[in-house]
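Reader: I would like a close look at one part of this model, with its contacts and its surroundings worked through in order. Please keep the account plain, and give the numbers where they exist.

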Amino acid sequence: MGILLHLVILELTHALLMHHVRSHDVLVLCLVLFLLQSKKGSYSDAYNVLLFLLHRFHQDAEAPEEVDEDLKNTVLGSVKTVDKCMDDFHVADALEAIFSAARRSNKYIDETTPWLLAKDEDKRTRLGTVLYNLLESIRIIAVQLKPFMPDTSDKILEQLNTDIS
């Protein structure tokens, strides 16, 4: 599916440049592809799509909604939980806290419905906030995964164009 996703993005970019489709249509299709890819468990291509969308459509941030605060509290809470669990040598509990943050991030996608936000020109700021929150959550989860899955963590951080140093 990864190669197919790249080909579709390439075709969409070409169509956009040739003015065959509107940028709004490309955004909606990319969001759908992101969601399909992430549901299949291969996140590397989905990160690229998400990064593209963030850079393309992010504007000034808006006041956070309750769902944003809940995601933030869950992800940041997982950092504290992982630290405590590792101090107490409870590795399985640390991993559960990390994967709980990942599950909360997936639920956030369902709650915020970015594919619907992309359809409304007036919701572009909200879309940017949602995409930013997702990227930051993914970054924090990747940093926490580093001791357990170093290669996977490095790949995620590389896709996000960041590192933990």
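**A threonine and the helices around it**

Author: The side chain of Thr-112 comes within 2.7 Å of the backbone oxygen of Tyr-108. The model is a predicted one, and that distance is read from its atoms. Thr-112 belongs to helix α5, which covers residues 91-112. How much of Thr-112 is accessible? Its relative accessible area is 7%, and Thr-112 counts as buried because the cut-off for that class is under 20%.

Next come the neighbours. Leaving aside residues up to four places away in sequence, Thr-112 is in contact with Val-67, Leu-117, Arg-126 and Val-130. One of these, Val-67, is among the buried residues of α4.

Helix α4 is therefore the next thing to describe. It runs over residues 66-87 and contains 22 residues. From the first C-alpha to the last, α4 spans 31 Å, close to the 32 Å expected at 1.5 Å a residue. Which residues of α4 are buried? They are Val-67, Asp-68, Leu-71, Val-75, Ser-78, Val-82 and Cys-85. Viewed down the axis of α4, these buried residues fall within an arc of 135 degrees, so they line one face of the helix. The other side of α4 has the exposed residues Glu-66, Asn-73, Lys-80, Lys-84 and Asp-87.

The buried residues of α4 pack against two helices, α5 and α7, the latter covering 124-145. For the pair α4 and α5, the packing angle is about 170 degrees and the axes are 8 Å apart. Angles over 145 degrees count as roughly antiparallel, so α4 and α5 are roughly antiparallel. On the α4 side, the residues that meet α5 include Val-67, Asp-68, Leu-71, Val-75, Ser-78, Val-82 and Cys-85, and Asp-70, Thr-74, Thr-81 and Met-86 also take part. On the α5 side, the partners include Val-91, Ala-94, Ala-97, Ile-98, Ala-101, Arg-104 and Ser-105. Tyr-108 and Thr-112 are also among those α5 residues, and they are the pair joined by the 2.7 Å approach of side chain to backbone oxygen.

The connection between α4 and α5 holds a residue to check. Phe-89 sits in the loop between these two helices, just after α4. Its phi is near 60 degrees, a positive value in a residue that is not glycine. Is Phe-89 buried or exposed? Phe-89 is exposed, because its relative accessibility is 72% and the class begins over 50%.

Helix α7, the other partner of the buried face of α4, contains Leu-127. Leu-127 has 0% relative accessibility and therefore counts as buried. Its C-alpha atom is 6.1 Å from that of Pro-114, although the two residues are 13 residues apart along the chain.

Further along, the segment after α8 (150-159) includes Asn-161, and Leu-160 lies in that segment as well. Leu-160 is buried at 13% relative accessibility, whereas Asn-161 is exposed at 69%. Between Leu-160 and Glu-136, 24 residues apart along the chain, the C-alpha separation is 9.4 Å. Asn-161, not a glycine, has a positive phi of about 60 degrees.

Note on methods. Residues numbered from 1 in each chain as written. Predicted model: local features only at pLDDT ≥ 70, side-chain atom pairs only at ≥ 80, totals over all residues. Heavy atoms only, no water. Helix = DSSP H or I, 4+ residues; strand = E, 2+ residues; numbered from the N terminus. Buried < 20%, exposed > 50% of the residue type's maximum accessible area, 1.4 Å probe, protein only. Polar contact = N/O pair within 3.5 Å; in protein donor to acceptor, adjacent residues only side chain to side chain. Contact = heavy atoms within 4.5 Å. Expected span 1.5 Å × (residues − 1). Arc of directions from axis to C-beta. Axes fitted to C-alpha atoms, helices over the stretch in contact; angles between N-to-C directions. Parallel < 35°, antiparallel > 145°, perpendicular 65-115°, else oblique.
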